[in-house]
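Thank you all for coming; I would like to walk you through one structure this morning, slowly enough that anyone new to it can follow along. Please keep the sequence and the picture in view while I talk.

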Amino acid sequence: MGEDNHKKDHKKDQQEVIKKQASYLEKSIKEKTKELKFVQNTCKHPEESIKLKDMNPSGASDIRKCCDSCGHVLGYPSKTEMDNWIGK
């Protein structure tokens, strides 16, 4: 029985480590997202280009106009901009 309790304790310890790591990463991502937002808000967006951007965590991508300096999504390209991007 002692070995079973040891395995349970070890599994519980592993879960605590994973929980702490996940919490740390979530906090870190939140802080970095704030920093990025600040940088993007102070950027003057001097040059832009059309890019295929990942728009959500599920992996869906969309074509958007983005700042070449900070990567901020500026909006959707016009039909003319799309045609030029595609190479028509």
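Let me start with K79, which forms a salt bridge with D83, the closest N and O atoms lying 3.2 Å apart. Before going further I should say that this is a predicted model, so please hear every value in that light. Both K79 and D83 sit in helix α2, which covers residues 79-86, and they are four residues apart, about one turn of the helix. As for their surroundings, K79 counts as exposed, at 63% relative accessibility, while D83 is partly exposed, with a relative accessible area of 21%.

How many salt bridges does a search of the whole structure find? The search finds six, and I will take you through some others. In helix α1, K32 forms a salt bridge with E35, and here the closest N and O atoms are 3.7 Å apart. Those two residues, K32 and E35, are three residues apart within helix α1, which is again about one turn of the helix. E35 counts as partly exposed, with 44% relative accessibility.

The next pair is K51 and D68, which form a salt bridge whose closest N and O atoms are 3.9 Å apart. This pair links distant parts of the chain, since K51 belongs to strand β1 (residues 48-54) and D68 to the loop between β2 and β3 (73-75), with 17 residues separating them. K51 counts as partly exposed at 33% relative accessibility, and D68 is also partly exposed, its relative accessible area being 38%.

There is also a network of salt bridges, and it links E48, K65 and E81. K65 is found in strand β2, which runs over residues 61-67. Is K65 buried or exposed? It is buried, because its relative accessible area is 17%, and buried here means under 20%. If we leave out residues up to four places away in sequence, K65 touches E48, S49, I50, H72, V73, L74, G75, Y76, P77 and E81. Notice that E48 and E81, its partners in the network, are both among those contacts.

Let me turn now to the cysteines. A search of the whole structure finds zero disulfides. C66 is in no disulfide, and the nearest cysteine sulfur, that of C67, is 8.7 Å away. Why does C67 not form a bond with C43? The sulfur of C67 is 3.7 Å from the closest cysteine sulfur, the one in C43, and that is too far for a bond, because a disulfide needs the two sulfur atoms within 2.5 Å. Both of the neighbours in sequence are covered: C66 is buried, with a relative accessible area of 0%, and C67 is buried as well, also with a relative accessible area of 0%.

I will finish on the surface, where Y24, L25 and I29 form a nonpolar patch that has about 360 Å² of accessible area together. Of these, I29 lies in helix α1, which spans residues 2-42, and I29 is exposed, with a relative accessible area of 54%.

To pull the threads together, we have looked at salt bridges within helices, such as K79 with D83 in helix α2, at the pair K51 and D68 linking distant parts of the chain, and at the network of E48, K65 and E81. Thank you for listening, and I am glad to go back over any part of this.

Notes
Residues are numbered from 1 along each chain as its sequence is written. This is a predicted model: local features need pLDDT of at least 70, side-chain atom pairs count only at pLDDT 80 or more; totals for chains, interfaces and linings use all residues. Side-chain values use heavy atoms; hydrogens and water are left out. Patches are made of residues with over 30% relative accessible area and no salt bridge: like charges are joined within 9 Å, nonpolar side chains (Val, Leu, Ile, Met, Phe, Trp, Tyr) within 5 Å. Accessible areas come from the Shrake-Rupley method with a 1.4 Å probe; for residues, only the protein chains shown count as cover. A salt bridge is a side-chain nitrogen of Lys or Arg within 4 Å of a carboxyl oxygen of Asp or Glu. Buried means under 20% relative accessible area, exposed over 50%, partly exposed in between (1.4 Å probe, protein chains only). Contact means heavy atoms within 4.5 Å.
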